[in-house]
Amino acid sequence: MRISRRAVATAAVLATVLPLSACGGGSGSGSSDASGKVEGKITFQTWNLQANFKDYFNGVIADFEKKYPGTDVKWVDRPGEGYADKISADAAGGTLPDVVNVSPDLVAPLAKAGIALDLDKAASKYRKEYLPGAWQSHQIPGTEGTFAFPWYLNTGPMFYNKRLLKDAGLDPQDPPSTYDEVFSDGLKLAEKSKGKVATLANVPTIEDFGRYGGQLMNEEGTGFAFNDAKGIELLTHFKELYDAKALDPQALTATPESSGHKFLTESVAMNPGSALDLANFKKQAPGLYKNIGITDQVSSTGKANMYVMGIMVNAQTKQKPAAVAFAHYMTDATRQMEFAKKVAIFPSTAGSLDDPYFTKEDGTDETRVRVAAAKSLKTAVNYTPVLFSDQMKTELRNQIARALQGKQSPKEALDNAVKACNRLLQQS
């Protein structure tokens, strides 16, 4: 199990289905007071987890019910396919469970409709237990509050080919870590290899604009702003890489699989990945595997990008004390650590990433990647705006492709992308 980029625009689906009558200013309907005795029946909904983790969740529920006599937690698990549609239908019909597994893009329309409980009001005492970047990941631009407990995190380190760096006269022990270093070293790699070795195999995504230090949305959260000076600067540099063949010529149509193949065949020097990739390199390309380096994601802000899952409390629940208590219990340090040892994810609780499980290497590929990723997650943030749909990602990618091909300037490309994304934002 991993946090993936779903193929449906879940936030847009929810926003178009939720009734206007549900809107409550973003802070939830009724009182946000979650004090009182923890008791009563609540329903907890997860997202495609029962098949592999039935015993774990049943154990957590049993422990919670033992800690709080008089509570009764019913667990329901929904398949990944159609999860957003199911949430939207339940939210519109008033049948949404008391506690719900969500991602930031799923929680955004629920928060704006007043259906997600504001934890800054209802559970602020728990905030310090979580990594700051994780807690902030379920905040919505233009709306005050935090609308889900952060649960598990994921990220990926950057792999690089030590031999290719060395052949270009670069230090294989000191790979580029900022975008400026990538741009400079990339041009050197392309020149030394006469255009046969590219540094990267992907065009920039919205996360790249964030890690470069650009502004992604306006302060009101009503529109996108990645066409600022920093955004134009970033795309201008990517155009320079593309022209010099330091960006793979097929990057405009690249998929994660095709980019991985380019790295596997040593025609690309750097590529993001996972422990599964390392095992594949070891089997299919032992020469590459021998020269693999692992470093943090490229970032000019000093912070990597994280993907995050959360657990939301329904603001309309009749059992707020029990719902908040259970959502916190499921996401506390003890439970998250137990879960992280069952699947390749990372806890969002403060201090958990200092556990030897995330800091000590044992010589295995899985541990090498886990340690590298855990280190970067301590200060990571979710750069993908919670309101940025898959349709918007496509618009941005298409405009970037036109700029790299010289059909429009970087400024024109980003202006057009922002205009298109803002139009989609208003439609949702």
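## Strand β4, the nonpolar cores and aromatic contacts

In this predicted model, Phe149 stands opposite Ile311 of strand β8. The two strands concerned, β4 (residues 149–154) and β8 (residues 307–313), pair in the antiparallel sense over four bridges. Strand β4 also pairs with strand β9 (residues 346–347), again antiparallel, through two bridges. Within that second pairing, Leu153 has Phe346 of β9 as its bridge partner. Strand β4 is mostly covered, as six of its six residues are buried. In a regular strand, side chains alternate between the two faces of the sheet.

The nonpolar interior is described next. The largest nonpolar core comprises 123 residues, and Phe57 and Phe226 have the most contacts inside it. Helix α14 (residues 320–330) supplies the largest share of this core, namely eight residues. A second core, separate from the largest one, consists of nine residues, among them Phe263, Phe281, Ala285 and Ile292. In soluble globular proteins, nonpolar side chains tend to be buried together.

Leaving aside residues up to four places away in sequence, Phe57 touches Phe44, Thr46, Leu49, Trp75, Trp151, Met330 and Phe339. Phe57 is also a member of an aromatic cluster that includes Phe44, Trp75, Trp151 and Phe339. The other members of this cluster are Phe53, Tyr56, Phe64, Tyr68, Tyr152, Phe326 and Tyr329.

Aromatic pairs are considered next. With ring centres within 6.5 Å as the criterion, the count comes to 31 aromatic pairs. The rings of Trp47 and Tyr83 have planes at 10 degrees and centres 4.5 Å apart, so this pair is stacked. Because Trp47 belongs to strand β1 (residues 40–47) and Tyr83 to helix α3 (residues 83–93), the pair ties together parts that are 36 residues apart in sequence. Trp47 and Tyr83 are both buried.

For Phe209 and Phe226, the ring centres are 6.0 Å apart and the planes stand at 45 degrees, so the pair is tilted. Phe209 lies in helix α9 (residues 206–211), whereas Phe226 lies in the loop between α9 and α10 (229–243), so this pair ties together parts 17 residues apart in sequence. Phe209 has a relative accessible area of 2% and is therefore buried. Phe226 likewise counts as buried, because its relative accessibility is 1%.

Charged side chains also lie over aromatic rings, as the table sets out.

| Charged residue | Aromatic residue | Distance from ring centre |
|---|---|---|
| Lys230 | Tyr212 | 4.4 Å |
| Arg335 | Tyr329 | 3.8 Å |

In the first case Lys230 lies over the face of Tyr212. In the second, the charged end of Arg335 sits over the ring of Tyr329, a residue that also belongs to the aromatic cluster containing Phe57.

Backbone geometry merits comment at two positions. Lys245 has a positive phi, near 65 degrees, although this residue is other than glycine. Lys245 is placed in the loop between α10 and α11 (256–264). With a relative accessible area of 47%, Lys245 is partly exposed. Glu266, also not a glycine, has a positive phi of about 65 degrees. Glu266 occupies the loop between α11 and β6 (270–272). The relative accessibility of Glu266 is 21%, so this residue counts as partly exposed; the buried class requires under 20%.

How values were computed
Residues are numbered from 1 along each chain as its sequence is written. This is a predicted model: local features need pLDDT of at least 70, side-chain atom pairs count only at pLDDT 80 or more; totals for chains, interfaces and linings use all residues. Side-chain values use heavy atoms; hydrogens and water are left out. Buried means under 20% relative accessible area, exposed over 50%, partly exposed in between (1.4 Å probe, protein chains only). Two strands pair if DSSP finds at least two bridges between them. A nonpolar core is a set of buried Ala, Val, Leu, Ile, Met, Phe, Trp, Tyr and Cys residues joined through side-chain atoms within 4.5 Å. Contact means heavy atoms within 4.5 Å. Rings of Phe, Tyr and Trp (its six-membered ring) pair if their centres lie within 6.5 Å; planes under 30 degrees apart count as stacked, over 60 as edge-to-face and the rest as tilted. A charge sits over a ring if NZ of Lys or CZ of Arg is within 6 Å of the ring centre and within 35 degrees of the ring normal.
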